[in-house]
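Work through the following exercises with the sequence and the structure side by side. Try each task before reading the solution beneath it.

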Amino acid sequence: MATVTATSTATSPLEVLRGQLPDLIADADYGEVYGVQLRADDPAHVPTQVVLQKFVRANAGDAAKAREQLLATLKWRKEFRPLEARREIFSGSRFRGLGYVTKIPRNDAAPEGGAEEEIVTFNIYGAVKDMQHTFGDLDGFLRWRVALMELTIEHLRLNDATTPLPDHGTGPDPYQAVQVHDYLGISFLRPDPHVRSASKRAIALFSAHYPETVSRKFFVNVPAVMAWFFSAMTLLMPRETARKLAMLTYGSSLASYLGTALPAVYGGEGPDLEATADAIALDDAALAPSPPPTEEVVAEEGKEEAVAVKA
């Protein structure tokens with residue numbers, strides 16, 4: 001087991017949060033985050049250091065805010081049981097083809113300091129055939145979406161971490177995944193209330209309880225007019241937030257950012273996601289053919305996710 005040798009001092013925000021960990025676990029009556037059992041009794045336990053440092057970094061080194069967010073997350077995980085959601089079998093008629101997690105080699109366009117391989121989660125909204133059926137049961141959708149996030153984190157292998165995270169602002173975090181949101185076939189004209197509600201709830205949930213788990217977000221197959229709007233919006237964001245976001249008019253452009261291991265539909269030379277990527281377990285129910293989906297406002301989602309990119 002590697003010894004934590006990060007640059008933190010005894011009074012660093014990380015050490016302050018670590019010192020409060022026994023009380024936090026007792027208060028929440030729960031001690032697991034991202035599949036890591038937090039060890040208050042072992043300062044050399046790197047997985048615990050990584051989790052705590054994510055909360056510190058998400059709050060720009062503010063130990064009090066990190067403590068508040070970690071306690072809320074511990075309480076939420078005790079109630080929601082996301083690890084149990086990860087093992088559940090969900091409705092194939094609602095979620096088939098909607099989410100995948102895969103691993104690709106790191107390419108030259110990736111930010112410096114990342115892992116040798118990148119974990120990529122795909123959210124393919126064009127796979128949805130019936131918006132009400134997929135998003136109408138909001139709690140059911142959120143449980144599936146949390147399961148997909150837990151699958152993503154599972155691929156990050158935090159329990160096997162041997163390299164501690166540096167303090168806020170002093171180095172990169174290699175324990176993060178890439179997210180791709182694919183809007184092929186989705187219209188941007190009128191809002192569907194089910195999608196809007198699901199989007200707002202999901203963004204709030206992941207912002208609150210999954211800090212520093214996403215390195216970059218790509219919004220692909222977005223009409224050029226929305227790309228212009230997005231570019232204008234990023235001018236109002238902090239530079240650190242804006243650099244994590246990219247909106248692409250054509251899905252085939254994604255390979256220039258993530259490399260040729262992607263499927264051909266994203267400009268790569270790799271196999272289709274359905275053939276090789278991991279997904280949440282689904283039952284065999286299939287959705288009967290239905291009329292084209294109602295027009296969506298995924299621009300709303302893109303706008304809100306831009307604000308909540310740390311989710």
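**Exercise 1: two helices that pack**

In this predicted model, α2 and α3 pack at an angle of about 125°, with their axes 8 Å apart. Decide how this pair should be described, and find the residues that meet.

*Solution.* Begin with the angle: oblique covers whatever is left once angles under 35 degrees, over 145 and from 65 to 115 have been set aside, and the value of about 125° therefore makes α2 oblique to α3. Next comes the handedness, and here α2 passes α3 in a right-handed crossing. Finally, look at the residues in contact: from α2 these are Leu52, Phe55, Val56 and Ala58, which meet Ala66, Gln69, Leu70 and Thr73 in α3.

**Exercise 2: helix α1 and its surroundings**

Find where helix α1 (residues 13-28) is kinked, which of its residues are buried, and what covers them.

*Solution.* Follow the helix along the chain until you reach Leu21, where a kink of about 45° lies shortly before the proline Pro22. Then list the buried residues, which are Leu14, Leu17, Arg18, Leu21, Leu24 and Ala28. The spacing in this list can be read against a general rule: an α-helix has 3.6 residues a turn, so residues three or four places apart point the same way. As for what lies over the buried residues of α1, the cover includes α2 (46-58) and α3 (63-80), the two helices of the previous exercise. The helix is followed by Asp29, whose phi is positive, near 55°.

**Exercise 3: one residue in α1**

Is Val16 buried, partly exposed or exposed, and which residues does Val16 touch beyond those up to four places away in sequence?

*Solution.* First place the residue, which belongs to helix α1. Its relative accessibility is 33%, and because partly exposed is the class between under 20% and over 50%, Val16 counts as partly exposed. Leaving aside residues up to four places away in sequence, Val16 touches Thr11 and Ala63. As a last step, compare positions in sequence and in space: Val16 and Val56 are 40 residues apart along the chain, while their C-alpha atoms are separated by 10.0 Å.

**Exercise 4: building the sheet**

In what order do the 5 strands of the open sheet follow one another, and which strands lie at its edges?

*Solution.* The order across the open sheet is β3-β4-β5-β6-β7, and the pairing is mixed. At the edges are β3 (99-105) and β7, each of which pairs on one side only. From one strand to the next, the twist averages 20°.

Now go through some of the pairs in turn:

- Strand β4 (residues 117-124) runs parallel to β5, to which 5 bridges join it, and Ile124 has Asp182 in β5 as its bridge partner.
- Strand β5 (residues 177-182) also runs parallel to β6, with 6 bridges between them, and Ala177 stands opposite Val214 in β6.
- β6 and strand β7 (residues 245-248) pair in the parallel sense over 4 bridges; here Lys217 stands opposite Leu245, and Phe219 has Met247 as its bridge partner.

The final step is to ask how these last two strands are covered. In β6 (residues 214-220), 7 of the 7 residues are buried. In β7 both faces are covered, since Leu245 and Met247 on one side and Ala246 and Leu248 on the other are all buried.

**Exercise 5: positive phi in two loops**

Where do Tyr34 and Glu212 lie, and are they buried or exposed?

*Solution.* Tyr34 lies in the loop between β1 (32-33) and β2 (36-37), and its phi is positive, about 60°, although it is not a glycine. With a relative accessible area of 4%, Tyr34 is buried. Glu212 is found in the loop between α8 (193-209) and β6, and its phi of about 55° is likewise positive in a residue that is not a glycine. Glu212 has a relative accessibility of 6% and counts as buried.

**Exercise 6: the whole protein**

How many helices and strands does the protein have, and what share of its residues is buried?

*Solution.* The secondary structure comes to 13 helices and 7 strands. Of the 311 residues, 53% are buried. Turning to contacts with a separation of 6 or more, 79% of them are accounted for by residues 24 or more positions apart.

Methods
Residues are numbered from 1 along each chain as its sequence is written. This is a predicted model: local features need pLDDT of at least 70, side-chain atom pairs count only at pLDDT 80 or more; totals for chains, interfaces and linings use all residues. Side-chain values use heavy atoms; hydrogens and water are left out. Buried means under 20% relative accessible area, exposed over 50%, partly exposed in between (1.4 Å probe, protein chains only). Two strands pair if DSSP finds at least two bridges between them. The bend at a residue is the angle between axes fitted to the seven residues ending there and the seven starting there. Contact means heavy atoms within 4.5 Å. Axes are lines fitted to C-alpha atoms, for helices over the stretch in contact, and angles run from 0 to 180 degrees between N-to-C directions. A crossing is left-handed if the near helix is turned anticlockwise from the far one by less than a right angle, and right-handed if clockwise.
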